[in-house]
Structure formats: structure tokens, C-alpha cells
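Reader: Got a minute to go through this one with me? Short answers are fine.

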Amino acid sequence: MSTLAVILIATGAGSLLSLLIAGVLALSARPAWVPVLVSYAIGALLGASLLEVLPEAVEMEGNVRTVGVALLGGILLFFLLEKLVLWRHCHDEVCEAHGGHGHDHGRSGLMITVGDTFHNFVDGVIIAGAFLVDFRLGVVTTLAIMSHEIPQEVGDFLILLHSGYSRTRALLINVLTALATLAGALLGYFALSMLEGWTPVLLGIAAASMLYVAMSDLIPGLHRRAEIHVTLQQLALIGLGVGTVALVGHLIGHGH
């Protein structure tokens, strides 16, 4: 089987599975499960970035500093991208208020859709880059991204429902945004095949994406519950996420 076929199957199956699980969780109205999924996703993202992606990038590049610069640049890039989404959102809210419409629920749904589409596209590029380096790295990266996508899709689905979308339409929108992952995977495959020397840099940026999402977007939400038993549960689930990534990597074995 060709590398492109593997990338498309992994991306498609990962997106479909994430959507199915998220849809079932959202429709069964169990929001209490989302923090559990978030804790697990944090562990998977940290494990994949620090145990798999970054070591692979350093091994390929042979220069820790180059990978470090890519990692730093990636973190700043994702900080700026998140700011742009926030600025655009605030600007649109002012426009809505000045226009006298008096509500922002539909606008929130639109912002979620645009942001999710872009995020999924980047995920597709990252998955393609990982598979081009090593099959094992591709599987681990897909697993980490899937684990993050499930709680994100549940949250997006609930926001769309709150914004006035019907359940069918909200699910359809989530399916359409998931197609951006396939588009990103295709672009990533063809672009990186031509720019092979840039792969370690992409891996550095991919690790930055995972670290940024885990530490900037997900971890702060866990601090809303400070009870000892909740904290211990969160730590256990983060450890389970890290352990899953390590186990999958070990079972598949090194591709080198």
C-alpha cells in the first residue's frame, strides 16, 4: 500500500471515528464526560510531542537548535493565529452590536466552524508529515490528534446547538469541517514530498501545535476544579494518555 493511501485511510478513519464518538457523546447529553476526555487528550498530546515527534525531528535534523527554533516559532505562530481568531470575533461582535441585532449566538457558531476547519486542515498536514517520516510516528500522531478532536468536536457540537442549529445541521457542519483534514493531508503529502529537507522543521511545528493546544487551551480548563480527588483523577487520565502513546509506539516498533 502506498504512503498516500495510508495517510488518507488514517486521516479519514481518524476523522470519522472522532465524529462518531463526539456525536454519540453530544447527543446522549453527557457533558460530564468531556473533562475526562480532555485530561486523556492532554496526556496523548504531551506524550506524542515530547516522546515521539520531537525526538524524531532531532534525530532527522541532527541539530537540536534548529528543531528548538522551529518549536519556538511554532508556539508563537499558534499564539498569533489564536489571537487573530479572537480579534476577528471581537470585531464582529462590535459590528453586530452596532448593527442592532443584539445577539451573537449565530456568530459564535460561525466562528467555531471557521476555526475548526482551519485547525483540521493543519492537523491533516501534520499527520501527512508524520507518515512521510515513519509509519509508527504517523500512527502515534494520528492517535494524539484524534484524542484531542473528540472533546473538541463535542464542545463544537454543543455550541452549534446553542447557536440555534438543528442537531442534523450541526452534525453535517462537523462532517464538512472534518473534510478539511483530508485536504490538509493531501496538500501535506505533495508539498512535503517536494520539500523533504523541511520535514524536521514541520515536525518541530507539529510538536509546537500539540504542546500549545495541551498547555494553553486544555490545561487551564482543568484548574477550574481544584479538589484533591478531581486533581488525582486528572493526573491519572493524563498519565493514561501518555501511556497509550508510549504503548502504541512500542507495539508498532521503530520504523528505522
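**Salt bridges and the rest**

Author: Start with Glu 227, which forms a salt bridge with Arg 225, the closest N and O atoms being 3.2 Å apart. A salt bridge here is a side-chain nitrogen of Lys or Arg within 4 Å of a carboxyl oxygen of Asp or Glu. The model is predicted: local features need pLDDT of at least 70, side-chain atom pairs count only at pLDDT 80 or more, and totals for chains, interfaces and linings use all residues. Residues are numbered from 1 along each chain as its sequence is written, and side-chain values use heavy atoms, with hydrogens and water left out.

Reader: Is Glu 227 buried or exposed?

Author: Partly exposed, at 34% relative accessibility. Arg 225 is partly exposed too, at 42%. Buried means under 20% relative accessible area, exposed over 50%, and partly exposed in between (1.4 Å probe, protein chains only).

Reader: How many salt bridges in the whole structure?

Author: Two. Arg 136 and Glu 52 also pair through their side chains, at 2.9 Å, N to O. Arg 136 sits in helix α5 and Glu 52 in helix α2 (residues 33–61), so the pair ties together parts that are 84 residues apart in sequence.

Reader: And are Arg 136 and Glu 52 buried or exposed?

Author: Both are buried.

Reader: Switching to the fold. How many helices and strands?

Author: Eight helices and zero strands. Helices (H or I, at least four residues) and strands (E, at least two) are DSSP runs, numbered from the N terminus.

Reader: What share of the residues is buried?

Author: 45% of the 256 residues in the protein chain.

Reader: Back to α5. What does Gly 138 touch?

Author: Gly 138 lies in helix α5 (residues 135–162). Leaving aside neighbours within four places in sequence, Gly 138 contacts Ala 130 and Phe 131. Contact means heavy atoms within 4.5 Å. Gly 138 is buried, with a relative accessible area of 0%.

Reader: How far is Ile 127 from Gly 138 in space?

Author: 6.0 Å, C-alpha to C-alpha, with their positions eleven residues apart in sequence as the separation.

Reader: Any surface patches? Which residues make the nonpolar one?

Author: Leu 172, Leu 176 and Leu 179, covering about 290 Å². Patch residues have over 30% relative accessible area and no salt bridge; like charges are joined within 9 Å, nonpolar side chains (Val, Leu, Ile, Met, Phe, Trp, Tyr) within 5 Å. Areas come from the Shrake-Rupley method with a 1.4 Å probe; for residues, only the protein chains shown count as cover.

Reader: Where is Leu 172?

Author: In helix α6 (residues 167–194).
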